[in-house]
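The exercises below ask the reader to work through strand pairing, burial and side-chain contacts, one step at a time. Please keep the sequence and the structure in view while reading.

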Amino acid sequence: MTRTRYPGPVTEAKVHPHRLVEQGFATDEVLAGVLDRYPAELFDINLYDYDDAGQVSLRTGARGRLNGEDLLAAIQQGRLWVNLRGVEAAWPQLWAAAMADFGTIQATYPGMRAVTNAGQLILSSPAARVPYHFDAAGVVLFHLRGRKRLFVYPGDEAHLAEADMENVVTRQTTEELPYSLAFEPDAQVVDLEPGQALTWPLYAPHRVENLDRFCVSLSMDYQTWPSRWRNGALYTNAVLRRVGARPRHTDAMPVPELAARWAASLALKRAGALKSRIANFERDFEPQVGAADGAGALR
């Protein structure tokens, strides 16, 4: 089975070693200190609920007023998925170590040349799961603590419709995608242990399950020039679709056409062609020690 219709050096999910665990970044003491000082505006706190068909509903939370030690305890006992964005600026020591390992991993893929990198630290509860989604960038997932299972699916039109990709790139929807249980036989399944990093093809849909342990991971996004061109083409196609056009899929476009649509997207963004629909989620809980799922009422 072809794992992706998008050209790129990564063609399937693959595990690589990394050295972040041995440098002590994922201990309770260190994490509690990080949570104490991390800027509140860089927290994303999510709680996902699933029905029997695997369809998801999302609740979002606020940082709240817990100190770092208690916030860590609430995450460790519940079903919370906490993303600390902007690691590259907010935790430079971790970022420098991760970038060194990224350089080693990148060197295993001839032709991969990242032009930008960004990261988020993920602290997730033992029973947490992340729904079927895709990232509009390449990703290296550095796993530091706990056990995590990833399901990586083919990036073809059946599993990843470009119209849905356009909605994510233009921030009309969150990263979650339409999902069917029928996709499961097509998944490449990988269990991650501390000290392992996972790469997968650009845009490949995936979902995540924690295996009954508190988990810590660093998700590093990277953009190459080909991925930037394609994201820009997706944005331009979304605008064209809104005015009644029927743009062809980006995988049918040669590089000059992708680059031209990327250039057009810059002008369209400056003009405010599409306003984000997900800029302001209503938050309905905050972490609380002892509360069901680790989520208590907003105070």
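Contact here means heavy atoms within 4.5 Å, and angles run from 0 to 180 degrees between N-to-C directions. The model is a predicted one.

**Exercise 1.** Determine which strands helix 4 lies across, and place those strands in their sheet.

Solution. Begin with the helix: helix 4, residues 92–106, lies across strand 1, strand 5 (116–124), strand 7, strand 10 and strand 12 (215–223), and it runs at about 60° to strand 12. Next, consider the sheet, an open one of ten strands with mixed pairing, whose order is 1-10-7-12-5-4-2-3-13-14. At its edges stand strand 1 (14–17) and strand 14 (295–296), each of which has a single partner strand, so one side of each is left without a neighbour in the sheet. Finally, look at one pairing within this order: strand 7 (residues 138–145) and strand 10 (residues 196–199) run antiparallel and are joined by three bridges, and Leu141 has Leu198 in strand 10 as its bridge partner.

**Exercise 2.** Describe the sheet of four strands, and decide whether strand 8 is largely enclosed or not.

Solution. The order of this open sheet is 6-11-8-9, with antiparallel pairing. Its edge strands, strand 6 (129–133) and strand 9, each pair on one side only, and from one strand to the next the twist averages 15°. Now follow the bridges: strand 8 pairs with strand 9 (residues 188–192) in the antiparallel sense over five bridges, with Val190 in strand 9 as the bridge partner of Leu150. Five bridges also join strand 8 to strand 11 (residues 206–210), again antiparallel, and here Val152 has His206 as its bridge partner. Strand 11 is in turn joined to strand 6 by three bridges, where Val130 stands opposite Val208. As for burial, which requires under 20% relative accessible area, four of the five residues of strand 8 (residues 148–152) are buried, so strand 8 is largely enclosed by the rest of the structure.

**Exercise 3.** Characterise the surroundings of Arg59, a residue of strand 3.

Solution. First, locate Arg59 in strand 3, which spans residues 56–61. With a relative accessible area of 28%, Arg59 is partly exposed, because that class lies between the 20% and 50% limits. Then list its contacts: setting aside neighbours within four places in sequence, Arg59 is in contact with residues including Ile45, Leu47, Asp284 and Phe285. The side chains of Arg59 and Asp284 make a polar contact at 3.5 Å. Lastly, Arg59 and Phe281 are 222 residues apart in sequence, yet their C-alpha atoms are 9.0 Å apart in space.

Technical notes:
Residues are numbered from 1 along each chain as its sequence is written. This is a predicted model: local features need pLDDT of at least 70, side-chain atom pairs count only at pLDDT 80 or more; totals for chains, interfaces and linings use all residues. Side-chain values use heavy atoms; hydrogens and water are left out. Buried means under 20% relative accessible area, exposed over 50%, partly exposed in between (1.4 Å probe, protein chains only). Helices (H or I, at least four residues) and strands (E, at least two) are DSSP runs, numbered from the N terminus. Two strands pair if DSSP finds at least two bridges between them. A polar contact is a pair of N or O atoms within 3.5 Å; within protein, one must be able to donate a hydrogen and the other to accept it, and residues adjacent in sequence count only if both atoms are side-chain atoms.
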